[in-house]
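Take a look at the model below. We will go through it one contact at a time.

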There are 2 protein chains.
Amino acid sequence: MKDQEWLAEILQVKDEEKLTDKQKKIIAAAIEIFSEKGYSASSTSEIAKRAGVAEGTIFRHYKTKKELLISIVGPIMAKLIAPFIIRDVDKVLKKDFDHFEDFLRAMIENRREFIKNNLPVLKILLQEIPFHPELKELFMEHIAKKLYERFKRVVEHFQKKGELIDMPSNSVIRLTASSIVGYLLAKYILLPDARWDDEKEIERTIAFIMHGLGAKQSF
Amino acid sequence: MKDQEWLAEILQVKDEEKLTDKQKKIIAAAIEIFSEKGYSASSTSEIAKRAGVAEGTIFRHYKTKKELLISIVGPIMAKLIAPFIIRDVDKVLKKDFDHFEDFLRAMIENRREFIKNNLPVLKILLQEIPFHPELKELFMEHIAKKLYERFKRVVEHFQKKGELIDMPSNSVIRLTASSIVGYLLAKYILLPDARWDDEKEIERTIAFIMHGLGAKQSF
DNA sequence: TCCCAAAATGAGTGATTACTCACTTCGATA
DNA sequence: TATCGAAGTGAGTAATCACTCATTTTGGGA
């Protein structure tokens, strides 16, 4: 783990709780080990050892191992959609962006830093969601649903403006999200060691989406 | 587990080994439990119990738990690229497909059934690849690399034909794969319970790719 | 300096883990 | 039908698991 900016970021979320020095070390160690071996294959004894802490200290602050997982992975979900909540999307639509293209560019730029800084935690989230129904519901109900609703309004706004193709918004969202998530997944997970000309790749991705969904033709 | 066509499919690969009845039950149980709880959280005792077999029987056929995992997940990789190996891609290009579009359609159609029948095993593969270097290398070296090479030749073929945009083949592949994998992931993993008008969604996806990468303009 | 609640400790708990092995059962062949 | 290697068994093993708790250490206010 060369880079530990994510620690600062996740701790910032939890600052209100005034964490002990050892608590911070526990969280840091847990993130490292969970993302290296997966939640189930990680033992509390190993986390304690890497944190330089007695095993009992972990259970003083977290009743169970799963509570430790959720305390790590929960806060990241809120931050994931924060920029879509804080500024109301309607205002964003009417003032800031003349074109869908600009909206996409701003969104990618906005979330890129966040993803880079929180990569290990996002990896854990992605890995564990299928196996923890509480996590899945937390994500689906409070994150995916809201993200979907807001994105849908953006899409329909630009469809009415005649900028986007006349296609069910579900499909527009799926195709747009696939392209963007595909880029992020390739860059950060599949081929993290490859050389990436990020600016060009992002522009290619945006151009691809706009040509694919532009309102030149109908289906 | 309503549908168990995948059992027939994976056993078909292993037929040469003349598996015992109990061996088949072990494999079936292991696939179910691995895909339900993940490899690490699955115990050999539970697998034995669900297979209706003594725990020792598992270790008569597989030295370790990990060997059982690999015996399940390994063969599926070969089948994943089989259609790209059996018929040489060059012949496919020169005879069967006049347009990139037709190639995409045939590829999606071809792999759809396979993915449907092998979903639990593919889920296990996807989940466990990050944590098992042997698996990762097996996949990267023998599957991803070959798939990439062949796909690259297809893309460059249609670029020379003037059908595809003048863009680095890496980016063309990334954008195409994102769109297709995005559709399959959404249909089978993210929203398996939603109603899908598959024919329309596939046509939308292909049209999206062709408009996005068609040779009308250059970058 | 004393005090005390919160923080931290680490030996100890029973349960569960992957895996072993001496033994029994099975089934094809001679 | 007798034989023999492979298939199957299940009690047993040491190690490790998440978690507990009586006890000690710590740090800030009086």
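Of the atoms of DNA strand D within 4 Å of the protein, what percentage belong to sugar or phosphate? The figure is 58%, and the rest belong to bases. Keep in mind that this is a predicted model.

Stay with DNA strand D. There are 18 residues around this strand. Those that come nearest are A:Lys65, B:Thr20, B:Lys22, B:Thr57 and B:His61. Both chains are on that list.

Now look at single atoms. A polar backbone atom of A:Lys65 lies 2.6 Å from a phosphate oxygen of DNA strand D. Two side chains reach base nitrogens of the strand. In B:Arg60, a side-chain N or O atom is 2.9 Å from a base nitrogen of DNA strand D. In A:Glu55, a side-chain N or O atom is 3.5 Å from a base nitrogen of that strand. Which elements give two or more residues to this surface? They are α3 (44-51) and α4 (55-61) of chain A, together with α4 (55-61) of chain B. By class, the surface near DNA strand D has ten polar, five charged and three nonpolar residues.

Turn to DNA strand C. Here 17 residues surround the strand. A:Thr20, A:Lys22, A:Thr57, A:His61 and B:Lys65 come nearest. Of the atoms of DNA strand C within 4 Å of the protein, 62% are sugar or phosphate atoms, and the rest are base atoms.

Chain B supplies several atom-level contacts on this strand. A backbone N or O atom of B:Lys65 is 2.6 Å from a phosphate oxygen of DNA strand C. A polar backbone atom of B:Ser42 is 3.1 Å from a phosphate oxygen of the strand. B:Glu55 points to a base instead: a polar side-chain atom of this residue lies 3.5 Å from a base nitrogen of DNA strand C.

Which element gives the most to the surface near DNA strand C? It is α4 of chain A, with four residues. On chain B, α3 (44-51) and α4 each supply at least two. The residues near DNA strand C divide into nine polar, five charged and three nonpolar.

Next, see how the two protein chains meet. Chain A gives 33 residues to the contact, and chain B gives 33 residues. Together they bury about 2,600 Å². Carbon and sulfur atoms account for 64% of that area. On chain A, the residues that lose the most area to chain B are A:Phe131, A:Arg174 and A:Phe208, together 27% of what that side buries.

A:Arg174 comes up again in a salt bridge. Its partner is B:Glu201, and the closest N and O atoms are 2.6 Å apart. There are two salt bridges between the chains. Eight residue pairs are in polar contact across chain A and chain B. On chain A, α2 (21-37), α10 (169-190) and α11 (198-213) each supply at least two residues of the side that touches chain B. That side holds 16 nonpolar, twelve polar and five charged residues.

Last, how are the two chains related? A turn of 180 degrees, with a shift of 0.0 Å along the axis, lays chain A on chain B with an RMSD of 0.0 Å. The two copies are therefore related as by a two-fold rotation axis. Of the residues of chain A, A:Gly212 comes closest to this axis, with its C-alpha at 2.1 Å. Both copies use the same surface: 100% of the contact residues of chain A recur in chain B.

Key:
Residues numbered from 1 in each chain as written. Chains lettered and ligands numbered in written order. Predicted model: local features only at pLDDT ≥ 70, side-chain atom pairs only at ≥ 80, totals over all residues. Heavy atoms only, no water. Contact = heavy atoms within 4.5 Å. Buried area = accessible area lost by both parts, 1.4 Å probe. Salt bridge = Lys/Arg side-chain N within 4 Å of Asp/Glu carboxyl O. Polar contact = N/O pair within 3.5 Å; in protein donor to acceptor, adjacent residues only side chain to side chain. Nonpolar A, V, L, I, M, F, W, Y, C, P; charged D, E, K, R; others polar. Near = heavy atom within 4 Å. Least-squares fit on C-alpha atoms with pLDDT ≥ 70 in both.
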